[in-house]
Amino acid sequence: MQGIIFIKWTYVLKRIQALFWGKGRPFMRMKKSLLLLAVTVIFIIGASHLVTKKIASRSEDGGSQLNQGQTESETIPPIDDETFLDTSDSIRVALHTTGFSSLYHSTVTIVSDTDYEVKVGEEVIEKSAGESIVFQDISEVTEIQSMEENGQLTVLSIERNGEAPSYRGKITLYPEKGKIVIVNELSMEEYLYGVIPSEMPVSYGEEALKLQAVSARSYAMEAKNKSTYEAYHADVVDSTASQVYKNTKEDGRANQAVRDTKGQILMNGDSIATTYFFSTSCGYTTNSSDVWFSNGTERAPEYLTGHFQGAEELTLNLKKEKDFRSFIRSPESYDTFEKEDTWYRWTITEKKTSIIKSLKANYPLEMKKIGTLKKISIVKRGVGGVAKVCKITGTKGSFLIQKEYAIRKALAVSGTKIYGQNDKVMSVSSLLPSGYFYIEQKKGNIIFYGGGFGHGVGMSQTGAMRMAQAGYTWEEMAKHYFPGVTIKTCY
């Protein structure tokens, strides 16, 4: 750009020289030379201002990305490794509408970055790169596939993070209930390219990304052995109901983590391990049976049991209310991996009237029976202190809310401020950040003192980042978060 500007200035200066210099006398030529020098200086100053403004503009663009946790230097475009031999099986992913509200689409619009073909029954229609096609009220199964190996199909009728997502592999449209189900079929390894950056920030480091890749691959391989989404012609879906897929663009570091761990999964004996993961721990994880239980008598497998999240092996009994409160109130007393992170400890202050409104929305019949709300208390905790049973007491009676997810949902008031560590202020969505909290009631307010973000079973992603920074390998982290597992190459 600067080279082009320089050429234009040279041309302009020559024109000025021809205009003012001409064939005049020496004295006139000297005066005109001085004038030419002054004009040149003005041009240089103007050009300097122009270039400075351009650089400043680019810095502002980088700043806007920084607000989203990214900078220009942190974004590494994915580069396909031509030497990487992908021998993995395929996986079928059912795609949700914008906002992940439904798997049934009214309209589907697709375009490709290469020439592509559309197959309807025995008929094949060829389309040029950049030429979109719209589908509505289809009556037959329709397949869309790029005609080049690395071509990608963009579904313009879906929005993810403000953009239309692009997909590798093949897209198949199924007519269902008067609408369309979209299924993206591609290789397992390419599927992981779209999962890893959607589930973990790529800035978390090489070893953490590798562990995320192995965990995600294990989850997906196990899902293929089930028939959970067979009604949608799929093995998994693209939301948190399975693993988030293509909510964020591919990134070279995530792709490399997939290649570096090609085919590797975690095993529990002869079975693929169920590799749960979540955002941030409170310093202790919990048993899977304390989060997802039917009657409270289930036993968690060894690799999904809760334990202290630090280099030191401590065993704490945080099922006791007194001990749990002390643990949450005194984070400086324990050397945990995540002790410096924003979500490690948090506080929420909510009006009692707002909590009552949320409880009535979730439990209308029960709230009618108990009269005026008097007290909310956690009456049973699991390993790590996770809330298992919450008691809602009123002037005429009480009722129980069981399971951490239901408790987090019933007591959440969307939009309320959350005060985390490092002077960070967030806001409540549809759930409380985690089930690791205790409650205090003061006048017309209910205060939640808690820690962590997510269900707390399996791998903490923030913890993996911190362990990676401390020098742990992904294999060491895998055995820390999933004790007793073995690592196997499945293809």
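## A first walk through the fold

The protein has twelve helices and 24 strands (helices are DSSP runs of type H or I with at least four residues, strands are E runs of at least two, and both are numbered from the N terminus). This is a predicted model, in which local features need a pLDDT of at least 70 and side-chain atom pairs count only at pLDDT 80 or more, while totals for chains, interfaces and linings use all residues. Residues are numbered from 1 along each chain as its sequence is written, and side-chain values use heavy atoms, with hydrogens and water left out.

Of the 491 residues, 47% count as buried (under 20% relative accessible area, with exposed meaning over 50% and partly exposed in between, for a 1.4 Å probe and protein chains only). The surface comes to about 25100 Å², and carbon and sulfur atoms supply 51% of it (Shrake-Rupley method with a 1.4 Å probe; for residues, only the protein chains shown count as cover). Among contacts with a separation of 6 or more, 67% are between residues 24 or more positions apart, a contact being heavy atoms within 4.5 Å.

Now to the strands. An open sheet of seven strands runs in the order S4-S3-S6-S9-S10-S1-S11, with mixed pairing (two strands pair if DSSP finds at least two bridges between them). Strand S4 (123-127) and S11 are at the edges with a single partner strand each, so each has one side left without a neighbour in the sheet. Within this sheet, strand S9 (residues 170-176) and strand S10 (residues 179-187) run antiparallel and are joined by seven bridges. Tyr174, for one, has Val181 in S10 as its bridge partner.

Another antiparallel pair is made by strand S17 (residues 387-394) and S18, with five bridges between them. A hairpin takes the chain from S17 to S18 through three residues, and Lys391 has Leu400 in S18 as its bridge partner. Side chains alternate along S18 (residues 398-402): Phe399 and Ile401 point to one face and are buried, whereas Ser398, Leu400 and Gln402 point to the other and are not.

Aromatic rings come next. A search of the whole structure turns up twelve aromatic pairs (rings of Phe, Tyr and Trp, the last by its six-membered ring, pair if their centres lie within 6.5 Å; planes under 30 degrees apart count as stacked, over 60 as edge-to-face and the rest as tilted). Tyr167 and Tyr245 make a tilted pair, because their ring centres are 5.8 Å apart and their planes are at 45°. This pair links distant parts of the chain, with Tyr167 in strand S8 (residues 166-167) and Tyr245 in the loop between strand S11 (236-237) and helix H5 (252-260), 78 residues apart. Tyr167 is buried at 0% relative accessibility, and Tyr245 is buried with a relative accessible area of 0%.

Phe399 of S18 turns up again here: Tyr363 and Phe399 form a tilted pair, 5.6 Å from centre to centre and with 45° between the planes. Tyr363 sits in the loop between helix H8 (352-362) and helix H9 (364-369), 36 residues from Phe399. Tyr363 counts as buried with a relative accessible area of 18%, as does Phe399 at 10%.

Ring pairs also link Tyr284, Phe308, Phe327 and Tyr334 into a cluster. Arg345 lies over the face of Phe327, 5.2 Å from the ring centre (a charge sits over a ring if NZ of Lys or CZ of Arg is within 6 Å of the ring centre and within 35 degrees of the ring normal). Lys403 does likewise over Phe293, at 5.7 Å from the ring centre.

Helix H11 (residues 461-469) is mostly covered, with seven of its nine residues buried. Its buried residues pack against helix H3 (188-199), helix H4 (206-224), strand S14 (277-278), strand S23 (459-460) and helix H12 (474-481). At the N-terminal end of H11, Ser460 acts as a cap, with a side-chain oxygen 3.0 Å from the backbone nitrogen of Gly463. Just after H11, Gly471 takes a positive phi of about 105°.

Last comes Gln309, in the loop between helix H6 (288-291) and helix H7 (321-329). Gln309 is buried, with a relative accessible area of 0%. The side chains of Gln309 and His480 are joined by a polar contact of 2.9 Å (a pair of N or O atoms within 3.5 Å; within protein, one must be able to donate a hydrogen and the other to accept it, and residues adjacent in sequence count only if both atoms are side-chain atoms). Leaving aside residues up to four places away in sequence, Gln309 touches residues including Tyr284, Phe337, His480 and Tyr481.
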